[in-house]
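Take a first look at the sequence and the fold below. The paragraphs after them start with a helix and end at a pocket.

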Amino acid sequence: ASPWRLTAHFSRWPFGEGGAAALALAPRVAFASALKEAAFARHGSARAIMSAPAATLEALWEAVDAADADAWRAPAEQLECSSSSSGAEPRGAPLRMYARGVGGAVEVATRLANPRAALGDELRRFLQAGLAGIDIASLEGVEVRTQGVDPPLDAPVGELLASLAGPDGFLHVTLVTEQQ
């Protein structure tokens, strides 16, 4: 974390005339990138996403943007974005962890988890890098949440991924410590 807080002031819009349109596409581009990353982690290839018809990707994005789970299902299953659509156990489980660190900054870490391992074991393994100064030995004083649920730490990551993955294919896990 930087000891400085920086603020940029612009005398004019820095992106030129087409900048607003490019800025509006940023969430869509980030989603597509995450989708490909999660597909590669799960299946060893992002081919299904990369070769998908533009209309399918458009339908998926429109459903995500509208927060419409029903509209999301059909294109997601076509692209094998969900664990249940392919029927095969994922090779890896894409996991994104969020924790509030020193000074209130949110730290994000993306890791590839073993789908057969327990969530608590995988979190301890990942947190050895020191994410947000959390005690990795016990996870004591840390609440673990995904999709608003406090999952049991002995639950297999693959089962949580199949049930609680986000629309981008990642299992998003928030770590809440007592210090927050």
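What follows is a short walk from one helix to a ring pair and then to a pocket.

This is a predicted model, in which local features need pLDDT of at least 70 and side-chain atom pairs count only at pLDDT 80 or more, while totals for chains, interfaces and linings use all residues. Residues are numbered from 1 along each chain as its sequence is written, and side-chain values use heavy atoms, with hydrogens and water left out.

Start with helix α3. Helices here are DSSP runs (H or I, at least four residues), numbered from the N terminus. α3 has 12 residues. From first C-alpha to last it reaches 16 Å, close to the 16 Å expected at 1.5 Å a residue. That expected span is 1.5 Å times one less than the number of residues.

Which residues of α3 are buried? They are T56, L60, W61 and A63. Buried means under 20% relative accessible area, exposed over 50%, and partly exposed in between (1.4 Å probe, protein chains only). The buried residues lie on the same side of α3, because they cover an arc of only 160° around the axis. The arc is taken from the directions between the helix axis and the C-beta atoms. The face turned away from that buried side carries the exposed residues A54, A55 and D65. Just after α3, A67 takes a positive phi of about 55°.

Now turn to the rings. A search of the whole structure finds one aromatic pair. F31 and W61 form this pair, and it is tilted: 5.6 Å centre to centre, with 45° between the planes. The pair links distant parts of the chain, with F31 in helix α1 and W61 in helix α3, 30 residues apart. Rings of Phe, Tyr and Trp (its six-membered ring) pair if their centres lie within 6.5 Å; planes under 30 degrees apart count as stacked, over 60 as edge-to-face and the rest as tilted. Both F31 and W61 are buried.

F31 and W61 also help line the second largest pocket. A pocket is an open set of points on a 1 Å grid over the protein atoms alone, with protein on both sides within 12 Å along at least five of seven lines; lining residues have an atom within 4 Å of a point. About 180 Å³ of space lies in this pocket. α1 (19–43), α2 (47–50) and α3 (54–65) each supply at least two lining residues.

One of the lining residues is M50, placed in helix α2. M50 is exposed, with a relative accessible area of 59%.

Terms used: 1 Å grid on protein atoms, 1.4 Å probe; cavity = no way out; pocket = protein on both sides within 12 Å on 5 of 7 lines; lining within 4 Å. Points joined across faces, edges and corners; volume = space filled by probe spheres on them.
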